Amino acid sequence: DHPHYLIKVEGDNNSVFNNTLVGRGTGFNSDRGILVQGETFSSGGGDGLSFFTNIKRNEIYGSCYGIDIADDEPARIQDDAGIQCNYIHDNCKAISVRIDCDLISPLGETVLRPLRYNHIANSQFGGLQVEYRGSCDPLIDAIDNYWNDPSGPNVSNTGMPGVGDTIIGVPELRSNVKYDPWLTDAIDGECPPQNDALIGDF
């Protein structure tokens, strides 16, 4: 059976706002709620990266991958682009980030765009999965998310007490996922909060 992508975006400056995306079920291993890919070299020469994609205020459930970010571009915090205010629940994996070090390393930026204010719940295998190819040291900004438990995410072998949805990935990269502080409850009201423009020390 061929994979289903409920929304697929490619290239730069995409916005995916205010959708309810219901997959076929978690048994379809290749299905994605939202798939983000860089411009492919075969489709017009692109650079292989996706710049400034905004994914906000969506509900995504019933897919193997809620949001799958493939070969993402490292973005500065102050660039208001990121994955924010989504309710991502009952998927195999809520958010998957796959990093190609050969593509991002020449840019000199190593902070991937923010993943903030999301409610990540009931993921079968991982609330956030990080994979990479090659050698680089990216920093994943995943603070201020609610991992479906006030104690925070479950991150094995770190000594943290969280029992919420799990952060998975190779140990040396998982240690670069910044998830503290986390939210102790889902945001009820305006999201993102007015006092947070995604600017600050990180």
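## Long-range contacts

Among the contacts in the chain with a separation of 6 or more, 80% link residues 24 or more positions apart. The model behind this figure is predicted.

## Chain overview

The chain has 202 residues, and 52% of them are buried. Its secondary structure comprises two helices and 17 strands. About 9100 Å² of the chain is exposed. Carbon and sulfur atoms supply 46% of that area.

## The four-stranded sheet

Strands of a sheet pair through backbone hydrogen bonds, either parallel or antiparallel. Here, four strands make an open sheet, and their pairing is parallel. The order is S3-S6-S9-S13. Strand S3 (20-22) and strand S13 (119-121) are the edge strands. Each of these two pairs on one side only. From one strand to the next, the twist averages 5°.

At the S3 edge, the partner is strand S6 (residues 59-61). S3 and S6 run parallel and are joined by three bridges. Val22 has Tyr61 of S6 as its bridge partner.

## Strand S4 and its partners

Strand S4 covers residues 32-37. Five of its six residues are buried, so S4 is largely enclosed by the rest of the structure. The cut-off for buried is under 20% relative accessible area.

S4 pairs with strand S1 (residues 5-10). This pairing is parallel and has five bridges. Within it, Lys8 is matched with Leu35 of S4 as its bridge partner.

S4 also pairs with strand S7 (residues 65-70). That pairing is parallel too, over four bridges. Here the bridge partner of Val36 is Ile69 in S7.

## Ile187

Ile187 sits in the segment after strand S17 (177-178). Its relative accessibility is 33%, so Ile187 counts as partly exposed. That class lies between the cut-offs of under 20% for buried and over 50% for exposed.

Which residues does Ile187 contact, leaving aside its neighbours within four places in sequence? They are Tyr117 and Pro193. Tyr146 is 41 residues from Ile187 in sequence. In space, the two are 8.2 Å apart, C-alpha to C-alpha.

Notes
Residues are numbered from 1 along each chain as its sequence is written. This is a predicted model: local features need pLDDT of at least 70, side-chain atom pairs count only at pLDDT 80 or more; totals for chains, interfaces and linings use all residues. Side-chain values use heavy atoms; hydrogens and water are left out. Two strands pair if DSSP finds at least two bridges between them. Axes are lines fitted to C-alpha atoms, for helices over the stretch in contact, and angles run from 0 to 180 degrees between N-to-C directions. Buried means under 20% relative accessible area, exposed over 50%, partly exposed in between (1.4 Å probe, protein chains only). Contact means heavy atoms within 4.5 Å. Accessible areas come from the Shrake-Rupley method with a 1.4 Å probe; for residues, only the protein chains shown count as cover.
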